[in-house]
Amino acid sequence: MVFRLCPVLLLVLLSLAALRSAVAGPWITATSSAPVDYGDELEFRTDYRWDSYHNYTSLEETLRRLSSDFPQSCRLYSIGRSVQGRELWVVELSSRGLGEIDDGRPHVNYIANSHGNEAVGRELLMRLAHHLLETSANSSSDDHQVAETLLSAAHVHILPSLNPDGFESAAEADCGVDGTGHDNANGVDLEHNFPDRFARNVQPVQPETQAVVNWTASVRFSLSASFHGRQLVASYPFY
């Protein structure tokens, strides 16, 4: 049930972000790119595996396959490497101006698995990427119009795993704060490693943290969301 409902909830978030940007400015007319025309001969890929957690190798293979199966609306790129040298893979989804930063449409990012032993968000974001790509390309899908509208209205960047090193060392059903794999390979909690507005962060900046800092400095994101497990928490800045 969770895997069926969460993509719908995320689609709502995306639609709200697109709506907010539409009200804020005339971004719809800022690009001349045409929507992707998949034609009538697209062979839909239904043999992706979602019956178990994806380790680093299978995560990378799945993301590469998505970018290969949907090259006109999915771009795979890395924002850096983890302590142990694993790539921090991101997929960008967009049916207009893929790879363009300043085309007048909002950029949103979703990040999961900053705590390596909190793995549900990692799987949900991989499934979301597949869901958006396949339904936007399949005109017979119930969600086709919604997915196509979202991907033509915004750039969606998905980082399924910020802490791939932690995930590789984590144990199933051990998702507590003290669980193996919660922190990165240097034993640092990545969630609390970012610059703090109210107090000085005394922990050395980790490569995963710096990668996200550089990434968000290079792309002007209109909306960001980070997925965690075990409990429901809403965090927001004070201005």
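This passage describes the overall fold, the confidence and one loop residue of a predicted model.

The protein chain comprises six helices and five strands, and these elements, when read along the sequence, follow the pattern α-α-β-β-β-α-α-β-α-α-β. Of the 239 residues of the protein chain, 48% count as buried, while the area that the chain exposes amounts to about 12,800 Å², of which carbon and sulfur atoms supply 52%. With regard to contacts between residues at least 6 apart in sequence, 72% join residues that are at least 24 apart.

Confidence in the prediction varies along the protein chain, for which the pLDDT averages 81, with 77% of the residues scoring at least 70. Over residues 15–45 the pLDDT is below 50, although this stretch has 42 contacts in the model beyond near neighbours in sequence. A further stretch, residues 1–5, has a pLDDT that stays under 50, and for these residues the model has five contacts beyond four places in sequence.

Attention then turns to a single position in a loop. Asn113 is found between strand S3, which spans residues 107–112, and helix H3, which spans residues 120–137. The phi angle of Asn113 is near 65 degrees, and this is a positive value in a residue other than glycine. Asn113 has a relative accessible area of 1% and is therefore counted as buried, given that the term applies under 20% relative accessible area. Asn113 thus combines a loop position with a positive phi and a buried setting.

Key
Residues numbered from 1 in each chain as written. Predicted model: local features only at pLDDT ≥ 70, side-chain atom pairs only at ≥ 80, totals over all residues. Heavy atoms only, no water. Helix = DSSP H or I, 4+ residues; strand = E, 2+ residues; numbered from the N terminus. Buried < 20%, exposed > 50% of the residue type's maximum accessible area, 1.4 Å probe, protein only. Contact = heavy atoms within 4.5 Å. Areas by Shrake-Rupley, 256 points an atom, 1.4 Å probe, with all protein chains shown as cover. pLDDT = per-residue confidence, 0-100.
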